[in-house]
Structures are given as C-alpha cells and as structure tokens.
Amino acid sequence: MPIVYALVARGKTVLAEFTNTSGNFPTVTRVLLSKIPPTDSRMSYIYDNFIFHYITSSTITYLCMSDDTSSHRVPFAFLSKVQETWNQEYGTQGLTAIAFSMNDAFSPSLKGLMDRYNNDPGAIDSVSKVKDQIEGVKSVMVENIEKVLERGEKIELLVDKTDRLNQQAFKFEKQSKRLKNVMWWKKVKMYLMFTFLAAVIIFAISAMACGGIDFHGCKSDKRRLL
C-alpha cells in the first residue's frame with residue numbers, strides 16, 4: 001500500500017489527519033512541518049524507508065507519507081485531490097481554524113481518497129486535469145530529511161524511534177511470556193489427561209481381572225485365603 005498517512009495543516013498546526021498503520025511518522029511530520037515554508041511549493045523528503053510528499057498552497061500544507069520511494073505520481077495526484085476536496089468543503093476556514101478542528105469531519109475524506117488511490121492508482125489517469133498536475137511532479141525536488149533537521153531534532157526523532165523499539169521489544173517479551181505460560185498449562189493439562197487415562201485403564205483392567213467393578217472376584221479369593 002503506497003500511501004499510509006496523510007494530513008492537512010496550517011504551518012505546524014495540524015487541522016486533520018488519517019493513518020491506517022502505526023509508527024513514529026506523526027513525530028517526524030511535526031518536525032517536518034516546522035521546516036516547510038509558507039510559500040507555495042511542493043517537495044519530497046526521504047526518511048528511512050518512507051518518503052514524505054507535500055504541496056503547500058495559500059499557507060495550507062497537504063502532506064502524505066508513502067512506503068514506495070520509487071513512485072511520485074500517485075502521491076502527488078492524491079495530494080492534488082485532497083487539496084481540491086479541502087477547498088470545496090472548507091474554502092478559507094483553514095486559515096483561522098484551531099488544531100484538529102476539522103479532523104472528525106475530514107479524516108473520513110482522507111481515508112476514502114487514500115483507499116481509492118491505493119487500490120486503483122490507474123484511476124488518476126482518467127482525469128485530464130490531474131494528468132497536467134502530475135507532469136509538474138517531474139521537477140519536484142527530493143531530499144533526505146536529515147538535511148533539514150537540526151541536531152536536537154535528529155536526537156528527538158532518534159529517541160522517539162528508540163522508545164518505540166523498546167515498547168515493541170517489551171510487547172514482544174510480554175507476548176512471549178504469555179505464550180510460554182499458555183504452553184506450560186497446555187503441557188500440564190496433557191500430563192493430567194494422560195495420568196487420568198492411565199488410571200482409568202488400570203482400573204478397567206483390574207475390574208476385569210476381579211470379576212467386575214465391585215471387585216467381588218478378588219474379594220472372594222481373599223476370603224478363601226483367610
């Protein structure tokens with residue numbers, strides 16, 4: 001799935017966002033938003049195995065993250081459609097809106113567009129207007145995000161990534177212990193079942209040898225011996 005995260009922001013103020021996965025990219029985007037100039041522009045930044053694409057128009061930034069570093073057509077066509085949909089629904093409201101004030105209303109739109117462009121990327125070629133916009137993607141600059149980060153911001157992202165790795169390691173350890181306990185109890189239950197079956201078999205053999213479950217045959221033999 002090429003597009004995994006999208007947002008609309010004014011400067012560093014996120015107005016709406018949507019993602020269908022997890023990771024530390026919300027932290028990365030917050031840092032990246034502080035580096036994006038308010039002037040109209042479009043650009044891509046590489047971070048690890050992901051690439052952030054953005055379009056800024058009239059101080060509003062439309063940004064998405066893709067896990068496909070080789071493709072720019074679909075992400076920028078997606079952002080163009082997000083921009084168009086946003087302008088139709090909100091116009092200039094985003095220029096004064098507070099953080100996440102449009103999130104509940106617009107995140108479903110982001111999800112719908114994300115699903116559409118992920119599942120049917122060929123659909124972007126059906127609209128001539130979008131085709132013209134895609135042609136401009138060829139000149140988009142692509143840089144590594146490390147070039148725009150200051151030392152403190154790099155450390156912040158590194159610490160955030162380390163924390164997430166530690167959390168994942170802790171979660172894995174917890175799940176391993178839980179699985180170990182489940183397997184131990186399963187083994188105990190198996191041993192108990194085998195013990196019970198062995199006792200039943202011994203009882204059945206003894207009952208058959210003694211003439212029945214009341215063991216009257218063995219009791220009679222015992223009396224004769226006495």
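This passage describes the nonpolar cores, the helix packing and two unusual loop residues of a predicted model.

In the predicted model, the largest nonpolar core comprises 25 residues, and those with the most contacts inside it are Phe78, Val82, Trp86 and Phe106. At least two residues of this core are supplied by each of β1 (3–10), β2 (13–19), β5 (60–66), α2 (73–90) and α3 (103–119), and the largest share, 8 residues, comes from α2. Apart from this core lies another, of 17 residues, which includes Leu7, Phe25, Leu33 and Leu63. In soluble globular proteins, nonpolar side chains tend to be buried together.

The surroundings of Trp86 can be described in further detail. When neighbours within four places in sequence are left aside, tryptophan 86 is in contact with Val8, Leu15, Ala16, Ile60, Tyr62, Gly91, Gly94, Met102 and Phe106.

The packing of the two helices α2 and α3 was examined next. Their axes come within 10 Å and cross at roughly 150 degrees; because angles over 145 degrees count as roughly antiparallel, α2 is described as roughly antiparallel to α3. The crossing of these two helices is right-handed. On the side of α2, the residues that meet α3 are Val74, Ala77, Phe78, Lys81, Val82, Thr85, Trp86, Glu89 and Tyr90, while α3 contributes Ala105, Phe106, Ser109, Leu110, Leu113, Met114, Arg116 and Tyr117. Sorted by class, the contact of α2 with α3 has 12 nonpolar, 2 polar and 3 charged residues.

Helix α1 (residues 25–33) is largely enclosed by the rest of the structure, because 7 of its 9 residues are buried. The buried residues of α1 are Phe25, Thr27, Val28, Thr29, Val31, Leu32 and Leu33, and of these Phe25 and Leu33 are also among the residues of the 17-residue core.

Two loop residues were notable for their backbone angles. Most residues other than glycine have a negative phi. Threonine 59, however, which lies in the loop between β4 (50–57) and β5, has a phi near 70 degrees, a positive value in a residue other than glycine. With a relative accessibility of 35%, threonine 59 counts as partly exposed, since that class covers values between the limits of 20% for buried and 50% for exposed residues. Phenylalanine 100, found in the loop between α2 and α3, likewise has a positive phi, of about 60 degrees, although it is not a glycine. Phenylalanine 100 is also partly exposed, its relative accessible area being 37%.

Notes: Residues are numbered from 1 along each chain as its sequence is written. This is a predicted model: local features need pLDDT of at least 70, side-chain atom pairs count only at pLDDT 80 or more; totals for chains, interfaces and linings use all residues. Side-chain values use heavy atoms; hydrogens and water are left out. A nonpolar core is a set of buried Ala, Val, Leu, Ile, Met, Phe, Trp, Tyr and Cys residues joined through side-chain atoms within 4.5 Å. Buried means under 20% relative accessible area, exposed over 50%, partly exposed in between (1.4 Å probe, protein chains only). Helices (H or I, at least four residues) and strands (E, at least two) are DSSP runs, numbered from the N terminus. Contact means heavy atoms within 4.5 Å. Axes are lines fitted to C-alpha atoms, for helices over the stretch in contact, and angles run from 0 to 180 degrees between N-to-C directions. Angles under 35 degrees count as roughly parallel, over 145 as roughly antiparallel, 65 to 115 as roughly perpendicular and the rest as oblique. A crossing is left-handed if the near helix is turned anticlockwise from the far one by less than a right angle, and right-handed if clockwise. Ala, Val, Leu, Ile, Met, Phe, Trp, Tyr, Cys and Pro count as nonpolar, Asp, Glu, Lys and Arg as charged, and the others, Gly among them, as polar.
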